[in-house]
Amino acid sequence: MSDENKLDAYWMPFTANRQFKKAPRLITAADGMYFTDDKGRQVLDSIAGLWCVNAGHNRPKIVQAIQKQAAELDFAPPFQMAHPKAFELAERLAALSPAGLNKVFFTNSGSESVETALKMAIAYHRVRGEGARTRLIGRERGYHGVNFGGISVGGMVANRKMFGTMLGGVDHIRHTHDPARNAYSVGQPAHGAEFAEDLERLIALHDASTIAAVIVEPVAGSTGVLIPPQGYLQRLREICDKHGILLIFDEVITGFGRTGNPFAAQTFGVTPDLMTVAKGLTNGCVPMGAVFAKQGIYDTFMNGPEHLIEFFHGYTYSAHPLACAAALGTLDTYAEEGLLTRATQMQSLFAEALHSLKGEPNVIDVRNIGLVGGIELASLPGEPAKRAFNIFLDCWDKGVLIRTTGDTIAMSPPLIIEPQHIAHIIDTVRGALRRTA
C-alpha cells in the first residue's frame, strides 16, 4: 500500500483533505511547549493544541491520573448511577466558578455543552410556567460548536450554509467587530458598548415573552479573536435581566486561565446564568465538557415526585471516569503552578510582541487579551483565506504551529509559555509575513 493510500480512509475534520494528503503534517509526540512531527522535528505549539492544552503537553499528574483510573474503574453508568470522582470534580469546579454558578452538568465536548445549555434554558422556562419562551438569540460571527443547536445560534457562515434551515426560532444580534474605530486596540476596545443595544431591537421584534436565552462568547475565538468592547457584556447582562432572559456564556475557549482568571466572566466582571466549558477542562487529554448553572435554575427543575427524572438529557459518557481523573489531574496542575492567573503576568509581554507586527506586510489589525491574540490580514483578491493559509504552511515549515481562521492568525499558547517562546513565535510569524508578501 502506498503512503498516499494509507491516508485515504480518514475523512479529516475542518481540513483541506486533498491538500493535506499531498503533503501530510503528522504529529507523533508532544512535551511541554512542543510537538514532534514524523520527521523528528520540534514544532513550537502557539495554539495550545486547539485552544485546549493550557498546561502544556505531557504533564505528569494528568498522565498518571489517567493511567491509574484506567486500571481501577474504566467505566461507570452515568444514568441513575455515579462514581466518586464525578462529585469531587463538580465540587472543585464549582469552587473555581463565578459566584452563584454552583451546579455542574457533564458532557463530552464544547458542542455538547452548548446543546445542553440551550436545552436547559428552554426547559427551565417551561418548568417555571413560561413555556412560550423558546426563542434563542445568538450573535453574528459567533461559534458554538458544530451540532445543530450550535450552528443555529452560531453566526459563522461557512459552518451554516450547507446544512439547511437548522433550528427554527433563532435570531442573531450583530457582531462587535469595528475596525474603523478599534483597530490595533490593546485589550478591550474603547468603542462598541452600544452594539449590545441590538438585543433590544430583537426583543422588540419578537417580544421578550418568546425569548429563552441569549448566547455569546465573551471573546469570540474561532471567528478571529474579537474582544468585547468596554461595557458591552455588562449591557447585555442588564438587558437580559430587564426582560427575564437567560444569559449564556460560551467559555469553551476562554475558560481555564486564557484571559488571566479561571473564567472570562471573572475577567470582565459579568456573571451569566449558564456557562459552557470544555477544552482546558482536561488539558485536552480526554474529551470532556460541562455546563455550569445557577442554583436557582437547578432548583426550578427539582419538583414533582422524587423518583422521576427531572431533566431528560445526558450522554453515555457524561462524567466518564477517565475524563474526571484527567480533569482532576489538570486542576491540580493548574493550582500548583498558578496557571489559571498566569496570563495576567504574561499578557503585557505577549501584547507588546503581537502589536510589534503592526506595519508588517498585509497586517490590518492586531487584537489581544490575556494569552490570546489575533492578527488580521488583508485577503488576497478573489482568494479569501489563502493568504493566512500560506502563512500557516510557512510557519509549519519553520517549526511553529499557528492557527488560521479565514484571513486571521489566531494564537492561544499554553499558559506555561516563557518570554523566549513568545519571541520565537512572533519572529517566525514576522518572517512568514515578509516571505509570503
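**Getting to know the fold**

Colleague: Among contacts between residues at least 6 apart in sequence, what share joins residues at least 24 apart?

Modeller: Keep in mind that this is a predicted model. Contact here means heavy atoms within 4.5 Å. Take the contacts between residues at least 6 apart in the protein chain, and the share joining residues at least 24 apart is 72%.

Colleague: How many helices and strands does the chain have, and what is its radius of gyration?

Modeller: The protein chain has 17 helices and 15 strands. For 437 residues the globule rule gives 22 Å, and the chain's own value is close to that, so it is as compact as a globular protein of that length. Its radius of gyration is 22 Å.

Colleague: What percentage of the residues is buried?

Modeller: Buried means under 20% relative accessible area. Of the 437 residues in the protein chain, the buried ones make up 55%.

Colleague: How far apart are the centres of the positive and negative side chains?

Modeller: There are 41 positive and 44 negative side chains in the protein chain. The centres of those two sets lie apart by 4 Å.

Colleague: Which residue in β2 stands opposite A30?

Modeller: Strands β1 (residues 27-31) and β2 (residues 34-37) run antiparallel, joined by four bridges. Their hairpin has two residues between the strands, and G32 takes a positive phi near 60°. Opposite A30 in β2 stands F35.

Colleague: And which residue of β3 is the bridge partner of Y34?

Modeller: β2 also runs antiparallel to β3 (residues 42-45), with three bridges between them. This hairpin has four residues between its strands, and G40 in the turn has a positive phi of about 85°. The β3 partner of Y34 is L44.

Notes: Residues are numbered from 1 along each chain as its sequence is written. This is a predicted model: local features need pLDDT of at least 70, side-chain atom pairs count only at pLDDT 80 or more; totals for chains, interfaces and linings use all residues. Side-chain values use heavy atoms; hydrogens and water are left out. The radius of gyration is taken over C-alpha atoms; the globule rule is 2.2 Å times the number of residues to the power 0.38. Buried means under 20% relative accessible area, exposed over 50%, partly exposed in between (1.4 Å probe, protein chains only). Lys and Arg count as positive and Asp and Glu as negative; His and the chain ends are not counted. The place of a charge is taken as NZ of Lys, CZ of Arg, CG of Asp or CD of Glu. Two strands pair if DSSP finds at least two bridges between them.
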